[in-house]
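Reader: I'm new to reading protein structures and get lost when I try to take in everything together. Could you pick one part and look at it closely with me, after a quick tour of the rest?

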Amino acid sequence: MAEAELILQHVSKIFAEGTTREVKAVDDLSLEVKKGLLVTLLGPSGCGKTTTLRMIAGFEYPTRGKIFMGDKLINDIPPQRRDSAMVFQSYALFPHMTVFENVAYGLKVRRFSRQEIKRKVVQALKLVDLEGLEDRPPGQLSGGQQQRVALSRALVTEPKVLLFDEPLSNLDAKLRVSTREELRRLQQKLSITSIYVTHDQAEAMTISDEITVMKDGRVQQIGFPEQIYLHPENKFVADFIGEANFYRGTIIKSQDGRVEVKMLDRLITINQDGDFHPGDEVEVVVRPETVDIVAQGKGDFDGVVKFSHYTGSAATYHLELRGGQKMEVKVLNPQEKGLLRDEEVVGVKLHRNNIHLLTGK
Ligand SMILES: Nc1ncnc2c1ncn2[C@@H]1O[C@H](COP(=O)(O)OP(=O)(O)OP(=O)(O)O)[C@@H](O)[C@H]1O
Ligand SMILES: [Mg+2]
């Protein structure tokens, strides 16, 4: 098992707002990042992602808790001596300097020789495919190119830890996807420990070794992408990652990993390990893509199509079930099965292995 490169122990940050109010931006956060892995901090706006990153970089001082890089406590070490580099959403390039000078800046500050600087900058620009643009000012580059300069500037000093604060948010949708793939390839090739902040769950799912889901300054769950998606620990995580339908359920029986639950007035038997007891109230999580559309009367429930949207590769149907409950169903390659019309009545069948039960936390 790789050793931890970065450790946060019970870190909190409380900001004073005026003289009377306090904001708990980060609340008792503990996290371990193993060498060479990319861990994302994922959560809605204001949940404390940037504040966490700024404490790791040394721009903010934790109100409580300890931050270690390797086995060294770094709370009191100033940013420029922390062996980390940050890439910002706004790029934060120096507009009056050329691409070369931007990337060279950190090396100059560290008093490398002219020759060394030249060699390292050329190499760092090559890593991000920007050779030939050395003499341009950032203002004459596209957004994607500017972000690559920012990345190259962060990489050139060979930091132990790279910190990314929503680095792709200013790029258009297509470029965001290709840049995140490039970034992930580079991070894996250089095996550089990274903390990546985003509020975009798809971005987090595709580039992370591990995801830390946050809300109101607190960690909600830490896990591999598929763990977070398939086994969310609470309703917030289930709702924030992907789409989900939620229903109240009551446990009827639980034995050997088979759980009988009553939901929407029907008994459903599903496979899930856990500590369930007859009478327990649970939240039943049904992902829209784990529901099949079948003929009326042939599924677990019948429903009426009330609204649909079609994106080409998928169709999402909003159904109203008997009793007024709603269910969102996502069908991939929908034209093959025939697109449904509004007011059409269909059956829905739930995949037994993909239903997930949450106990009332
Ligand atoms: N310097 C500050 N003084 C007072 N409050 C602050 C300060 N910096 C951040 N906060 C507050 O701390 C909370 C967390 O802010 P933070 O910037 O870490 O959120 P975030 O998760 O990065 O959000 P976003 O996705 O919008 O960037 C917010 O409520 C914010 O208003
Ligand atoms: Mg932020």
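Author: Here is a short tour, followed by a close look at one sheet and a last stop at the ligand.

This is a predicted model, in which local features need pLDDT of at least 70 and side-chain atom pairs count only at pLDDT 80 or more, while totals for chains, interfaces and linings use all residues. Residues are numbered from 1 along each chain as its sequence is written, and chains are lettered from A and ligands numbered from 1 in the order in which they are written.

The protein chain holds nine helices and 20 strands (DSSP runs numbered from the N terminus: H or I of at least four residues for helices, E of at least two for strands). Its C-alpha atoms fill a box of roughly 75 × 45 × 45 Å along the principal axes. Of its 361 residues, 33% are buried (20 or more other C-beta atoms within 10 Å of a residue's own; 12 or fewer means exposed, in between partly exposed; C-beta atoms are placed from the backbone). The chain divides into domain 1 (4–239) and domain 2 (246–359), with bounds from an automatic or database domain assignment. Their centres, taken over C-alpha atoms, are 39 Å apart. Five residues of domain 1 are in contact with five of domain 2 (C-beta atoms, placed from the backbone, within 7 Å).

Now for the close look. Find the open sheet of five strands, whose order is 13-12-11-14-20 with antiparallel pairing; two strands pair if DSSP finds at least two bridges between them. At its edges are strand 13 (266–271) and strand 20 (356–359), each pairing on one side only. Neighbouring strands here are turned by 45° against each other on average, direction ignored (axes are lines fitted to C-alpha atoms, for helices over the stretch in contact, with angles from 0 to 180 degrees between N-to-C directions).

Let's follow strand 12. Strand 11 (residues 245–255) and strand 12 (residues 258–263) run antiparallel and are joined by six bridges. In this pairing Gln255 stands opposite Arg258, and Ile251 stands opposite Val261. The two strands form a hairpin with two residues between them, and Asp256 in the turn has a positive phi of about 50°.

Strand 12 also pairs with strand 13, again antiparallel over six bridges; here Glu260 has Thr269 as its bridge partner. This hairpin, too, has two residues between its strands, and Leu264 in its turn has a positive phi of about 45°.

In a regular strand the side chains alternate between the two faces of the sheet. On strand 12, Val259, Val261 and Met263 make up a covered face, and Arg258, Glu260 and Lys262 an uncovered one.

Finally, visit helix 1 (49–57). Seven of its nine residues are buried, among them Leu53, Met55 and Ile56. After helix 1 comes Gly58, with a positive phi near 100°. Helix 1 supplies three residues, the largest share of the shell around ligand 1, where a residue is near if its C-beta atom, placed from the backbone, lies within 6 Å. Strand 1 (4–17) and strand 2 (21–34) each supply at least two. Around the ligand you will find Phe15, Val23, Lys49 and His199, among others. The shell divides into four nonpolar, six polar and two charged residues (Ala, Val, Leu, Ile, Met, Phe, Trp, Tyr, Cys and Pro count as nonpolar; Asp, Glu, Lys and Arg as charged; the others, Gly among them, as polar).

Terms used:
Two residues are in contact if their C-beta atoms, placed from the backbone, lie within 7 Å.
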